[in-house]
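Hello! Here is the structure I promised to pass on to you. Please open it next to this email, and then read on for what was found in it.

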Amino acid sequence: MGMFKAGDIVKVLIPNVVNTGYDYRLSTDAELGSFVRVNVMNKGYIGVIYGIGDSGLPAEKIKNVSEVFEYRLSVQDLQWIKRMSEWTMMSLGAVLRLIVNVPDAFSAPRIEPLYSFNFDEKIRMTDARQAVVDAFSSNDNEPMSVSDIQNISYVGSSVIHNMIKKGALVLCDEREIKTNSFIYEYQDTGIVKLNAEQNTAAGIIGSAIERGGFSVFLLDGITGSGKTQVYFDAAWRAYKKGKSVLLMMPEIALTAQFISRYQQRFGAPPVVWHSNLTAARRREIWRGILRGEIKMVVGTRSALFLPWQNLGLIVVDEEHDASYKQEDMGNYHARDMAVLRAKIADFPVILASATPSEETLENVNAGKYTRLKLTSRFGGATLPVIETIDMRKNKPASYSLPDEEKDTLAHTGFLSQDLCTAIQNTLDAKQQVMLFINRRGFAPIVQCKKCGWVATCPDCSVGMTYHKNLKKLLCHMCGRTATLPEKCPNCNDDVSMRGAGLEKIQEEVNIKFPNAKTALVSSDTMMSRQALERLVSKMENGEIDVVIGTQILAKGHHFPNLTLVGVVDADMGLFGTDFRAAEHTFQQLFQVAGRAGRGGAPGRVLLQTYQPEHPVLRAICAGNRDDFMLSDMNARRAAKMPPYGQLIAIIVEAEKEPVLQKFCSLLSDNVPLANGVKIMGPIAAQIYQIRNWYRMRFLVAGDAKSNLQEVVRYWLGKVKTPANVRLKIDVNPQNFI
């Protein structure tokens, strides 16, 4: 059944969202899963043979396969595509598109002009030009095409052409992209000695790798406990057996520190797969994995969909991280799809986290996963002391602005006296401070106190945030910018700014601690991994005293001299409408707290809150993670929320409100009845308008054993979706906006 002969009619799956396979005639022998080149509507595609042709079309209407390649996906890969499609409700072609995502993989390398960065040329370094330099750095300073520079640095073509004109970018002699096989031979360098706890965990996982077969391990260790070296040990054992290994992590955790530890452990650098690779690198890594030459990759969630050969181990680091949920090109959770892939192909998976997700903990409780605990910090570092500051009793002290700013900017303080005293004591001890506030910009609300006017985005139903560094209002949904009005456009009265973002906190720190060197860390200031690495280097060199950041700083970084972490607003996120609000807040604050005291000096964490009695904050201060998680999971069980129930969100979008309302009414009229299944809605989405598209939501809920996907398929099959309506299906949604 797996082998086809010339002249056979086969079903070919192509990588687009609308197909479930088209019939083609083979002109040469091929196998099930073989990559082939075909034409659809005069457009060329690389597809895979998915089975026997079944369209029933007359023979004269069936086209020939243009080319059959020597490489293929395994039967297990095809089973994974099918199972993933069934679970996520993405089409088969949409799942395949995640795999066949390198268009030039089966073509000769492109020949195009390549440029290198001229480090000798002295030019004024703007933010845009620095982004170009970072694009080169992220690809080992290899020559790049103009399209690569644009795609990776996110700058306009005028910036690039200006740098060419000034001699900062130089045309290379060679125009053919060099092939870099990225093939490394790894070894056990023997420089790492595991402690007793690590050794026990590594031995249990190692036995499973030697034994073979599917198993899932939760490597549950506090921050700084050395989880990385345990899964490095497992990776070496699988690699030594000739298996391929994927170490998957959030992009934010792909740090120079991690890559350095990898190289020290294995004697060669990792092959890294992430979003900022040149087209040539993507092509060569993809092809190297398909040929079975590249056997170990460190990558983000998309690395799961590389054409792996003989995959024998997947590690999902920071398994709880929200970035594993993809919401752009289909809705899937990379952690769950990794476990599914391992189950079908019969090999082990390691999930690592200091704050495991409740879904993972429930699988441990059900006996499906094996938990391995690491309870002590590696190298003898002690856990930080975590305390709350009751803001009801400890009011923030206001501060005076410089004379030139007094008329335009508010000066309400957000740092309590207790936190300020702790900051001063830390600075006096020549140690470093981190202040955490998960809100970008300067002020989240710009409003007229007289008439109530609020600066809102005309394309999205959200307020615009004032960014002092940009000197503009910015919509955090669509990126639209606007000028800050000098007066209210409605009544001509003065506008005021309310709330605090990290720029506001930096202003307060600069005035209250004028001798402290400060730095901001957010997606606005850290436009590339290289920018973040420069900041990390400055922290390590003592060039920064107080770092003020969003969640980018919450994980993955080791600052030996950072002894004080202050959370400006620990209440943020506690009272959201999402049933995961408590879990996510606990995870985030716990990760932030883990940055303190990782060196020789003990750490201290202060949480500013108006709710010090809240169970999340009490659990963090007591270091009582397990009891908190148990309590939160019991609440979920009572409410039949995941992991004790299932949810599927259906988001309906249209550019015209009447079209949206009409189609939602049609869906409502056709709601099916199914035992144990409840369909709620439609209601306006939490953010009703995004980029001028209006949005409504339905929510389908059922118990853990319900087959909600079948109910939704039947329901949506009863109605025809108009061309001017977008329908998005999100199985077990992670956000509810």
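**A helix on the inside**

Let's begin with helix α9, where the buried residues are A280, R281, R282, R283, E284, I285, W286, G288, I289 and L290. Please keep in mind as you look that this is a predicted model. That list covers 10 of the 12 residues of α9, so the helix is largely enclosed by the rest of the structure. What does the covering? Among the elements over the buried residues of α9 are the strands β5, β7, β12 (271–273) and β13 (296–299), along with helix α2 (92–99).

You can also check the length of α9 (residues 279–290) for yourself. At 1.5 Å a residue, its 12 residues should span 16 Å, and the end C-alpha atoms are indeed 16 Å apart, which agrees. Just after the helix comes G292, which has a positive phi of about 80 degrees.

**Charged pairs**

How many salt bridges are there? The count comes to 36. Here are a few to find on your screen.

- R283 and E284, both in α9, have side chains that meet in a salt bridge, with 2.4 Å from N to O. Are these two buried or exposed? R283 has a relative accessible area of 7%, so it is buried, and E284 is buried as well, at 6%. The cut-off for buried is under 20%.
- R291 and E293 also form a salt bridge through their side chains, at 3.0 Å from N to O. Here R291 is partly exposed, with a relative accessible area of 28%, and E293 is partly exposed at 33%.
- R37 makes a salt bridge with E67, and their closest N and O atoms are 3.3 Å apart. This pair links distant parts of the chain: R37 sits in strand β5 (residues 34–40) and E67 in strand β7 (residues 67–72), 30 residues apart. R37 is partly exposed, with a relative accessible area of 26%, and E67 is partly exposed too, at 35%. You have met both strands already, since β5 and β7 are among the elements that cover α9.

Salt bridges can also join up into a network, as they do for D220, R371, K373, R625 and D626.

**The nonpolar cores**

Now colour the nonpolar residues and look inside. The largest nonpolar core has 147 residues, and F35, M84 and Y231 are those with the most contacts inside it. Which helix gives the most to this core? Helix α7 (residues 227–240) does, with 8 residues.

M84 is a good residue to zoom in on. Leaving aside its neighbours within four places in sequence, M84 is in contact with M89, M90, V95, L98, F305, Y332, M337 and L340. Apart from this core lies another, of 24 residues, which include V711, L716, V725 and I729.

**A sheet with four strands**

Further along the chain, 4 strands form an open sheet with antiparallel pairing, in the order β31-β32-β30-β33. Which strands stand at the edges? They are β31 (677–690) and β33 (725–731); each has a single partner strand, so one side of each is left without a neighbour in the sheet. On average, neighbouring strands here are turned by 20 degrees against each other, direction ignored.

A reminder that may help you here: strands of a sheet pair through backbone hydrogen bonds, either parallel or antiparallel.

Follow β32 (residues 693–703) next, as it has a partner on either side in the order of the sheet. With β31 it runs antiparallel, joined by 8 bridges. In these, V677 is partnered by G702 of β32, and I690 by W693. The two strands form a hairpin with 2 residues between them, and in the turn R691 has a positive phi of about 50 degrees. With β30, β32 pairs in the antiparallel sense over 10 bridges, and E653 has R695 of β32 as its bridge partner. Of the 11 residues of β32, 10 are buried, so this strand is largely enclosed by the rest of the structure.

Finally, helix α19 (residues 708–717) lies across β30 (645–654), β31, β32 and β33, and runs at about 30 degrees to β30.

Enjoy exploring, and write back with any questions!

Methods: Residues are numbered from 1 along each chain as its sequence is written. This is a predicted model: local features need pLDDT of at least 70, side-chain atom pairs count only at pLDDT 80 or more; totals for chains, interfaces and linings use all residues. Side-chain values use heavy atoms; hydrogens and water are left out. A nonpolar core is a set of buried Ala, Val, Leu, Ile, Met, Phe, Trp, Tyr and Cys residues joined through side-chain atoms within 4.5 Å. Buried means under 20% relative accessible area, exposed over 50%, partly exposed in between (1.4 Å probe, protein chains only). Contact means heavy atoms within 4.5 Å. A salt bridge is a side-chain nitrogen of Lys or Arg within 4 Å of a carboxyl oxygen of Asp or Glu. The expected span of a helix is 1.5 Å times one less than its number of residues. Two strands pair if DSSP finds at least two bridges between them. Axes are lines fitted to C-alpha atoms, for helices over the stretch in contact, and angles run from 0 to 180 degrees between N-to-C directions.
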